[in-house]
Amino acid sequence: MAGEAKKLFAASEVAFHASRKDCWVVIGGKVYDVTKFLEDHPGGEDVLLHASASGDATEAFEEVGHSTSAISMMDSYLIGSIKGYVHPSASKSTDPWGLDAPPNSRTMPGNKGPPNPNTFLDFLLPLFVLGLAFAAWYYLTFVSKHH
């Protein structure tokens, strides 16, 4: 396996390995053959298949926050690396248009303050509408027929 780990792949070559029978994933410029791990992945095989089809799964992998045991397990699936790999965040920093979405309190990592006040209304308003619809149904079905 150590000899295989030094193999360099073109990104186009890795793209051909995105099926249940042959699934490779690129994370941090390294290529992993996760075919045997598909059924055992805690997030389900579809997560890995989607990551494989998307080309570079680095950001998706980092956003999930995998355990140290999961990260150490990756070494057993390593088969090589990508020629001329550039980390996705490095390519974003050179974006002349700066189209990144502005941060907000719901998506900012580490925001441990109170929840956004709209989140409670987002829950309460549909319940109120449902209660109102039930009250109208009850009135029209039972009360108005007896008068």
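Q: Before I look at the sheet, when do two strands count as paired?
A: Two strands pair if DSSP finds at least two bridges between them, and the strands (E, at least two residues) and helices (H or I, at least four) are DSSP runs numbered from the N terminus.

Q: And what kind of model is this?
A: This is a predicted model, in which local features need pLDDT of at least 70 and side-chain atom pairs count only at pLDDT 80 or more, while totals for chains, interfaces and linings use all residues. Residues are numbered from 1 along each chain as its sequence is written, and side-chain values use heavy atoms, leaving out hydrogens and water.

Q: OK, so in what order do the strands sit in the sheet?
A: The order is β1-β5-β4-β3-β2, which makes an open sheet of five strands with mixed pairing. The edges are β1 (7-9) and β2 (18-19), each of which pairs on one side only.

Q: Which way do β1 and β5 run, parallel or antiparallel?
A: They pair in the parallel sense, over three bridges, and L8 has S81 in β5 as its bridge partner.

Q: What about β5 and β4, parallel or antiparallel?
A: Strand β5 (residues 78-82) runs antiparallel to β4, with three bridges joining them, and here Y32 is partnered by L78 of β5.

Q: Then how many bridges join β3 to β4?
A: Four bridges join β3 (residues 22-27) to β4 (residues 30-33), again in an antiparallel arrangement, with I27 standing opposite K30.

Q: How many residues lie between those two in the hairpin?
A: There are two residues between β3 and β4, and G28 in that turn has a positive phi of about 60°.

Q: Changing topic, how much space is in the largest pocket?
A: The largest pocket holds about 450 Å³ of space, and the residues closest to its centre, out of 22 that line it, are I27, H41, L48, F61 and H66. On a 1 Å grid over the protein atoms alone, a pocket is an open set of points with protein on both sides within 12 Å along at least five of seven lines, and lining residues have an atom within 4 Å of a point; the volume is the space filled by probe spheres (1.4 Å) set on the points.

Q: Which elements supply that lining?
A: At least two residues each come from β3, α2 (45-53), α3 (58-64) and α4 (68-73), and α2 gives the largest share, with four residues.

Q: Last one: is L130 buried or exposed?
A: L130, which lies in helix α6 (residues 117-143), counts as exposed because its relative accessibility is 57%, where exposed means over 50%, buried under 20% and partly exposed in between (1.4 Å probe, protein chains only).
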